[in-house]
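Biologist: Could you take me through this model before I go back to the bench? I would like to begin with the overall picture and then turn to single residues.

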Amino acid sequence: MAIPALPEQSRTSPSPNSLETFNTATPEDARRTLLTCLHSHRWSRRLTDHRPYPDLDALLAASDEAAYDLTPGDLAEALAGESLPVLPEDTYEAAHMALDAAHAAYEARFGHVFVICADGIAPDEVLDHVLAEIRARLTNDPEEERVVVAEELRRLARGRLAEVSGF
């Protein structure tokens, strides 16, 4: 199942049997679905192993709990599956250059892609928000940034899990 690119994250209308389908899927199918959301084998395995979930809130709570237990290696694995937010097609070339330059500085400092959850940010404000956040987070020390990254991955996972669950 494809994960929508930022900033076009959206929620689909509920599908009455999607959580039940997930709960009863084979472990391999459930893990494969979760990997599209989480990009971490350990995180996906943990959520798969704790099925069934009575509702979306229980699934999200389990995901949050598992996210707090991710090792640095698990975070690196999850980060490897992430990419920068996609800018709208009509964005000026200068904006693309500014985002590329900011991301290059971030990646040089921290060694991984910049991640941010843009849920709730108006599409026409995403670029400014992302650029401001990259610049602000460049001042973090590596341990501070690891904590921020883990939280952003957790927030991204919540939105993606809600989407694949049909809520």
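Modeller: What follows goes from the whole chain to its helices and then to individual residues. This is a predicted model, in which local features need pLDDT of at least 70, side-chain atom pairs count only at pLDDT 80 or more, and totals for chains, interfaces and linings use all residues. Residues are numbered from 1 along each chain as its sequence is written, and side-chain values use heavy atoms, with hydrogens and water left out.

Biologist: How many helices and strands does the protein chain have?

Modeller: The protein chain has eight helices and zero strands. Helices (H or I, at least four residues) and strands (E, at least two) are DSSP runs, numbered from the N terminus.

Biologist: What percentage of the residues is buried?

Modeller: Of the 167 residues in the protein chain, 44% are buried. Buried means under 20% relative accessible area, exposed over 50%, and partly exposed in between, with a 1.4 Å probe and protein chains only.

Biologist: What is the average pLDDT of the protein chain?

Modeller: The average is 86, and 89% of the residues score at least 70; pLDDT is the predictor's confidence in each residue, from 0 to 100. Over residues 1-16 the pLDDT is below 50. Where pLDDT is low, the predicted coordinates should not be read in detail.

Biologist: Which elements have the lowest and the highest mean pLDDT?

Modeller: Among the elements of the protein chain, helix 1 (residues 18-24) has the lowest mean, 91, and helix 3 the highest, 96.

Biologist: Let us stay with helix 3, then. Which of its residues are buried?

Modeller: The buried residues of helix 3 are W43, S44, L47 and T48. They line one face of the helix, because they fall within an arc of 130 degrees seen down its axis. The arc is that of the directions from the helix axis to the C-beta atoms.

Biologist: What covers the buried residues of helix 3?

Modeller: The cover includes helix 2, helix 4 and helix 8 (142-165).

Biologist: S44 is a serine, so I am curious about its side chain. What does it reach?

Modeller: The side chain of S44 reaches the backbone oxygen of S40 at 2.8 Å. S44 has 0% relative accessibility and counts as buried. Leaving aside residues up to four places away in sequence, S44 touches R31, L34, L35 and L38, where contact means heavy atoms within 4.5 Å.

Biologist: Now to helix 5. Which residues are buried there?

Modeller: In helix 5 (residues 72-80) the buried residues are D74, L75, A78 and L79. Seen down the axis of helix 5, these residues fall within an arc of 135 degrees, so they line one face of the helix. Helix 2, helix 3 and helix 8 are included in what covers them.

Biologist: How many disulfides does the structure hold?

Modeller: The structure holds zero disulfides, a disulfide being a pair of cysteine sulfur atoms within 2.5 Å. C37 is buried, with a relative accessible area of 2%, and C117 counts as buried at 5%.

Biologist: Back to the backbone. Where is the cis peptide bond?

Modeller: The cis peptide bond joins R51 and P52, with omega about 5 degrees. P52 lies in the loop between helix 3 (41-49) and helix 4 (56-68).

Biologist: And what is phi of H39?

Modeller: Phi of H39 is near 60 degrees, a positive value in a residue other than glycine. H39 sits in the loop between helix 2 (27-38) and helix 3 and counts as buried at 19% relative accessibility.

Technical notes: A polar contact is a pair of N or O atoms within 3.5 Å; within protein, one must be able to donate a hydrogen and the other to accept it, and residues adjacent in sequence count only if both atoms are side-chain atoms.
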